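Reader: I've got a model open and I'd like to learn how to read its features. Can you walk me through a few?

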Amino acid sequence: MFYNDLNTIIFKRSKQMNNILIIYSTTDGHTLTISKTIANYLKTNSNILVTPLINCTKDDLKNNDVIIIGASIRYGKHNPKVKEFIENNLMILENKKNAFFSVNVVARKENKNQPETNPYLIKFLKSITWKPDIVDVFAGRLDYPSLNFWDKQIIRLIMYITKGPIDLKKTYEFTDWNRVESFAQKIINLSK
């Protein structure tokens, strides 16, 4: 494993293996953590490139066999650049094996932790033309201490209304890492 820059991670294996690109859009860094975890599960079977969406090039897309996009949500929306990126690269995405995952705190709730029950993921998928081969949603992380004053207050109010945690001194990790591993296994099966 080596780092191409502060945000891009490359796991190199033999040339006979699949090349997998994991593109991420993150608000507070947790989508990168999930992306790295997926890469760790995949690294024995593939060459992996993990890169931020803003650094991803057409060559990155063309030179990989499998493309995974992960995106976080803040205040009910994915970064608009994710949709723009998908629409601008739709033809390449549709001609590759591919997957998409969303990361949001709403997915901490049992009735909203599946692709077909998570309102933000459903809304996003309806807004784009691309139909990923594999789709999943992972509960995120709420790190109150790292938030600015206004984000703390707004998110705390949202958590209060939705019966979530409200202690501003704590960090809450909701991610089901077994689900992340299961997603990676689906990618391995897809890339065979």
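Reader: Leaving aside its neighbours within four places in sequence, which residues is Lys192 in contact with?

Author: Bear in mind that this is a predicted model. Set those sequence neighbours aside, and Lys192 touches Asn18 and Lys97. The Asn18 partner lies 174 residues away in sequence, yet the two C-alpha atoms are 8.4 Å apart. You'll find Lys192 in the segment after α7.

Reader: Is Lys192 buried or exposed?

Author: The idea is to check relative accessibility against a cut-off, and exposed means over 50%. Lys192 has 71%, so it counts as exposed.

Reader: What about strand β8: how many of its residues are buried?

Author: Here the cut-off is under 20%. In β8, residues 134-139, 5 of the 6 residues are buried, so the strand is largely enclosed by the rest of the structure. Strand β7 (residues 97-104) pairs with β8 in the parallel sense, over 6 bridges. In that pairing, Ala99 stands opposite Ile134 of β8.

Reader: Now helices. At what angle do the axes of α1 and α7 cross?

Author: For helix packing, look at the distance and angle between axes. Helix α1 (residues 30-42) and helix α7 (residues 177-190) have axes that come within 9 Å and cross at roughly 50 degrees. That makes α1 oblique to α7, and their crossing is right-handed.

Reader: Which residues in α1 and α7 meet?

Author: On the α1 side, they include Ile34, Ile38 and Tyr41; on the α7 side, Trp177, Phe183 and Ile187 are among them. By class, this contact has 10 nonpolar, 3 polar and 1 charged residues.

Conventions:
Residues numbered from 1 in each chain as written. Predicted model: local features only at pLDDT ≥ 70, side-chain atom pairs only at ≥ 80, totals over all residues. Heavy atoms only, no water. Axes fitted to C-alpha atoms, helices over the stretch in contact; angles between N-to-C directions. Helix = DSSP H or I, 4+ residues; strand = E, 2+ residues; numbered from the N terminus. Parallel < 35°, antiparallel > 145°, perpendicular 65-115°, else oblique. Left-handed = near helix turned anticlockwise from the far one by under 90°. Contact = heavy atoms within 4.5 Å. Nonpolar A, V, L, I, M, F, W, Y, C, P; charged D, E, K, R; others polar. Buried < 20%, exposed > 50% of the residue type's maximum accessible area, 1.4 Å probe, protein only. Pairing = 2+ DSSP bridges.
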